[in-house]
Amino acid sequence: MAQSSRLINPLTTHDLQNVLKILPKRKNYYLNVLSYDALLENKFPQNDFAIIFNTLTSYQSGLGHWCVIFNDKHSKTYTYFNSLNDHIDERVQNLIESRLMRGERLISNAICLQKTFSNVCGYLCVYILKCLMNGMNLNEIIEYDLNMYNFNQIEDKVIQYYFDILINH
């Protein structure tokens, strides 16, 4: 008998847009979910923002991979999150760096938090954004929160279970 798949359903653009509407946050953020090409064409707002973007363009089919760009003007930090810890795409990095003001910096995660053939990138993006929008920084989230649970070793269904709790509370 074949073993049943343990992969969870990936989050779609529509799913992510709906989740962003209900995420608890400590202040107003410009929120958006974009394709890669729309991200490159989009001008980041001057105020605080949180963007989840897919590595696929709007005319490509498939799942792609979800990443986050977050800016909180108070912290003077742009945060880039990619659960696979791939290098920041050069065009995305140039876009972010062109927006950096004096004293601002760009940080990104240094470890992989997702299994290679997993669909949890959207779930992890939502979790990261929830924490960032409530005052945590990326290093705190990864070092003290995600590493504590060793997300790279947790089955996808467990991540989905905690995600359901997250958005329902």
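I looked up Ile51 first and found it opposite Ile69 in strand β3. The model is a predicted one, and I read every entry below with that in mind.

**Pairing of β2 and β3.** I followed the register from there. Strand β2, residues 49-54, pairs with β3 in the antiparallel sense, over 6 bridges. I also checked Ile52, whose bridge partner in β3 is Val68.

**Pairing of β3 and β4.** I then turned to the other neighbour. Strand β4, residues 77-81, runs antiparallel to β3 and is joined to it by 5 bridges. Val68 appears here again, with Phe81 as its bridge partner in β4. I went through the hairpin of β3 and β4, which has 4 residues between the strands. In that hairpin, Lys76 takes a positive phi near 55°.

**Burial of β3.** How many residues of strand β3 are buried? I counted 7 of its 7 residues, 66-72, as buried. I sorted them by side, since in a regular strand the side chains alternate between the two faces of the sheet. One side of β3 holds Trp66, Val68, Phe70 and Asp72, and the other holds Cys67, Ile69 and Asn71. Both faces are covered.

**The sheet.** I traced the strand order next. The sheet is open, has 5 strands in the order β1-β2-β3-β4-β5, and its pairing is mixed. β1 (30-34) and β5 (105-108) stand at the edges with a single partner strand each, so one side of each is left without a neighbour in the sheet. I noted the turn between neighbouring strands of this sheet as 15° on average, direction ignored.

**Helices on the sheet.** I asked which strands helix α3 touches. Helix α3, residues 90-99, packs on the sheet and touches β2, β3, β4 and β5. Its direction makes about 165° with that of β4. I looked up helix α4, residues 121-133, as well: α4 lies across β1, β2, β3 and β4. The angle at which α4 runs to β3 is about 10°.

**Helix α1.** I ended with the helix at residues 13-22, where Leu16, Val19 and Leu20 are the buried residues. They cover an arc of only 100° around the axis, which puts them on the same side of α1. I checked the face turned away from that buried side and found that it carries the exposed residues Lys21 and Ile22.

Key
Residues numbered from 1 in each chain as written. Predicted model: local features only at pLDDT ≥ 70, side-chain atom pairs only at ≥ 80, totals over all residues. Heavy atoms only, no water. Buried < 20%, exposed > 50% of the residue type's maximum accessible area, 1.4 Å probe, protein only. Helix = DSSP H or I, 4+ residues; strand = E, 2+ residues; numbered from the N terminus. Pairing = 2+ DSSP bridges. Axes fitted to C-alpha atoms, helices over the stretch in contact; angles between N-to-C directions. Contact = heavy atoms within 4.5 Å. Arc of directions from axis to C-beta.
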